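Let's take a walk through a protein together, starting with one piece and working outwards. Keep the picture open beside you as you read.

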Amino acid sequence: MYEVNSLASIFTCEATAILQALAYIDLRNLVDATIFSDSLSTLEKLCHFQTGSNHIVMAIIDRWVALRHKGVKVEMVWVRAHAGIEGNSRVDWFAKKATELGEPLEVKIPYSDVIGTYKQKAIANWQKIYLSGEHGYNLKFNEIL
């Protein structure tokens, strides 16, 4: 099991898991495989990708096409998350354990993930300092109708 950098978005983690599954299929020389994912956003992005998409999405497409050229059939199936499906609950448990015990996985995190994380931290800090009055100013906002 692997752990992805904490700056990575859920989307990046889910997409990386699919990329790792494709690598496993290739490594084991499987000829027919199904990847189940509860990440609808990742699967939709794969169906509607564009040139210049997230580099992980492009890597998935490249790997998927390469496998297809080798005669490997790979199907991807969406599984509804948190719907009481036994296998999905078990996979979620393993994913959580991987974040606690897993080996780090070198993943080039998309710029948007890093910016998003720091933007959220900056907003939280700003709210803590300025809205609490800790800086010596009491800010008041007037609602404009």
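Before we look at a helix, here's a handy yardstick: the expected span of a helix is 1.5 Å times one less than its number of residues. Keep in mind, too, that what you're looking at is a predicted model.

Now try the yardstick on helix α3, which runs over residues 55–69. The helix has 15 residues, and from its first C-alpha to its last it reaches 21 Å, close to the 21 Å expected. Have a look at its two ends as well. At the start of α3, Asn54 points a side-chain oxygen to within 2.6 Å of the backbone nitrogen of Ile56. Just after the helix, Gly71 takes a positive phi of about 90°.

Which residues of α3 are buried? They're Ile56, Val57, Ile60, Ile61 and Leu67. These residues cover an arc of only 145° around the axis, so they sit on the same side of α3. Turn to the other side of the helix and you'll find Asp62 and His69, which are exposed. And what hides the buried ones? The cover includes α1 (10–27), α2 (40–47) and β3 (73–78).

Let's hop over to one of those covering pieces, α2. Here the buried residues are Thr42, Leu43 and Leu46. Looking down the axis of α2, you'd see them fall within an arc of 95°, so they line one face of the helix. Their cover includes α1, β2, α3 and β3. Pick out Thr42 for a moment: this residue counts as buried because its relative accessibility is 0%. Setting aside neighbours within four places in sequence, Thr42 is in contact with Phe11, Glu14, Ala15 and Ile18.

Next stop, helix α1, where you'll find Gln20. Is Gln20 buried or partly exposed? With a relative accessibility of 32%, Gln20 counts as partly exposed, because buried would mean under 20%. Gln20 also shows how folding brings together distant parts of a chain: Gln20 and Ile60 are 40 residues apart in sequence, yet their C-alpha atoms are 9.0 Å apart in space.

Now for the inside. The largest nonpolar core has 18 residues, and the ones with the most contacts inside it are Ile18, Leu22, Ile25, Leu46, Ile60 and Met76. You've already met Leu46 among the buried residues of α2, and Ile60 among those of α3. The elements giving two or more residues to this core are α1, β2 (32–37), α2, α3 and β3. Which of them gives the largest share? That's α1, with six residues. For a closer look, find Leu22: not counting residues up to four places away in sequence, this residue touches Ile35, Ile60, Arg63, Trp64, Leu67, Val74 and Met76.

Finally, zoom out to the whole thing. The protein has five helices and four strands, and along the sequence they follow the pattern β-α-β-α-α-β-α-β-α. Of its 145 residues, 26% are buried. The protein exposes about 10,900 Å², with carbon and sulfur atoms supplying 56% of that area. And if you take the contacts between residues at least 6 apart in sequence, 75% of them join residues at least 24 apart.

Note on methods. Residues numbered from 1 in each chain as written. Predicted model: local features only at pLDDT ≥ 70, side-chain atom pairs only at ≥ 80, totals over all residues. Heavy atoms only, no water. Buried < 20%, exposed > 50% of the residue type's maximum accessible area, 1.4 Å probe, protein only. Arc of directions from axis to C-beta. Contact = heavy atoms within 4.5 Å. Polar contact = N/O pair within 3.5 Å; in protein donor to acceptor, adjacent residues only side chain to side chain. Areas by Shrake-Rupley, 256 points an atom, 1.4 Å probe, with all protein chains shown as cover. Core = buried A, V, L, I, M, F, W, Y, C linked by side-chain atoms within 4.5 Å.
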